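Colleague: I'd like to go through this one with you and press you on the words you use. Can you put it up?

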Amino acid sequence: MSVQVLSPVTGLVAPISEVPDPVFSQSMVGPGVAVKPSGGSSEAVAPVEGVLSTLHPHAFVVSTDDGKAVLVHLGIDTVKLEGAGFTLHAAKGARVAAGSPVVSWNPTEVEEQGYSSVCPVVALEVGQDALSDMADGVRVNGGDPLFTIDS
């Protein structure tokens, strides 16, 4: 069964290769895209329906019922902020609907502290050939389609 992955944030879609971190840009974690977020306070939403299998202030993974998992990373090296500027709206293990708020944050404040606010959105444990309908170079709102993970 295919799963449509939604953008967790509003911004401009870019290739994952443009993420300023080799772990993401070289697809070591998995294939996906990056979203360069619009500034100001915003909510990061769940990219798929499922369970929050991992949850940190700066990153989360939603696992679907059929075993697919999507990682959302809010900025690069933002783990160093130790949660400052991020507000969780869900708990690890909670079931979330696609498009429902998971974390509030401010990409502009992240950048003011010297970190990139770019958001990798990565399909875990699949190859690049499992992704289709990839958005690229377009503006998206949180909840708009980014790509599809095929079975």
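**Terms put to the test**

Modeller: Sure, and keep in mind that this is a predicted model. Let's start at Gly-85, which sits in the loop between strand E7 (69–73) and E8.

Colleague: What makes Gly-85 "partly exposed"?

Modeller: Its relative accessible area is 48%. Buried would be under 20% and exposed over 50%, so 48% falls in between and Gly-85 counts as partly exposed.

Colleague: Which residues is Gly-85 in contact with, leaving aside its neighbours within four places in sequence?

Modeller: Ser-104, Trp-105 and Asn-106. The cut-off for a contact is heavy atoms within 4.5 Å. As for Pro-57, 28 residues away along the chain, its C-alpha atom is 8.6 Å from that of Gly-85.

Colleague: Gly-85 also lines the largest cavity. What else does, and how do you know that a residue belongs to the lining?

Modeller: A lining residue has an atom within 4 Å of a cavity point. Leu-81, Ala-84, Gly-85, Asn-106, Glu-109, Val-110 and Gln-113 line this one. By class that gives three nonpolar, three polar and one charged residues. Gly is counted among the polar ones.

Colleague: What makes it a cavity and not a pocket?

Modeller: In a cavity a 1.4 Å probe fits but cannot get out, whereas a pocket is an open set. The count comes to one cavity of 30 Å³ or more, and the largest cavity holds about 30 Å³ of space.

Colleague: On to the strands. Why is E4-E10-E8 called an open sheet with edge strands?

Modeller: The three strands come in that order, with antiparallel pairing. Strand E4 (42–45) and strand E8 (87–88) each pair on one side only, and they are the edge strands.

Colleague: How do you know that E4 and E10 pair?

Modeller: Pairing takes at least two bridges. E4 is joined to strand E10 (residues 101–105) by four, running antiparallel, so the pair passes. Within it, Ser-42 stands opposite Trp-105 in E10.

Colleague: And what makes E1 and E12 edges in the other three-stranded sheet?

Modeller: That open sheet has the order E1-E14-E12, again with antiparallel pairing. Strand E1 (3–6) and strand E12 (131–132) each have a single partner strand, so one side of each lacks a neighbour in the sheet. E12 pairs with strand E14 (residues 145–149) over two bridges, and the rule asks for at least two, so that pair counts. Ser-132 stands opposite Thr-148 in E14.

Colleague: Why do you call E3 largely enclosed?

Modeller: In strand E3 (residues 32–37), five of the six residues are buried, so the rest of the structure largely encloses E3. E3 pairs antiparallel with strand E2 (residues 11–15) over five bridges, and Pro-15 stands opposite Val-33 there. E3 also pairs antiparallel with strand E11 (residues 119–124), over four bridges. In E11, Cys-119 is the bridge partner of Val-35.

Colleague: Last one, for the whole chain. What do you count in it, and why call it as compact as a globular protein of its length?

Modeller: The chain has two helices and 14 strands. Its radius of gyration is 14 Å, close to the 15 Å that the globule rule gives for 151 residues, so the label fits. The C-alpha atoms fill a box of roughly 40 × 30 × 25 Å along the principal axes. Buried residues make up 48% of the chain. Of the contacts with a separation of 6 or more, 70% join residues 24 or more positions apart.

Definitions and conventions
Residues are numbered from 1 along each chain as its sequence is written. This is a predicted model: local features need pLDDT of at least 70, side-chain atom pairs count only at pLDDT 80 or more; totals for chains, interfaces and linings use all residues. Side-chain values use heavy atoms; hydrogens and water are left out. On a 1 Å grid over the protein atoms alone, a cavity is a set of points where a 1.4 Å probe fits but cannot get out, and a pocket is an open set with protein on both sides within 12 Å along at least five of seven lines; lining residues have an atom within 4 Å of a point. Grid points are joined across faces, edges and corners, and a volume is the space filled by probe spheres set on the points. The radius of gyration is taken over C-alpha atoms; the globule rule is 2.2 Å times the number of residues to the power 0.38. Buried means under 20% relative accessible area, exposed over 50%, partly exposed in between (1.4 Å probe, protein chains only).
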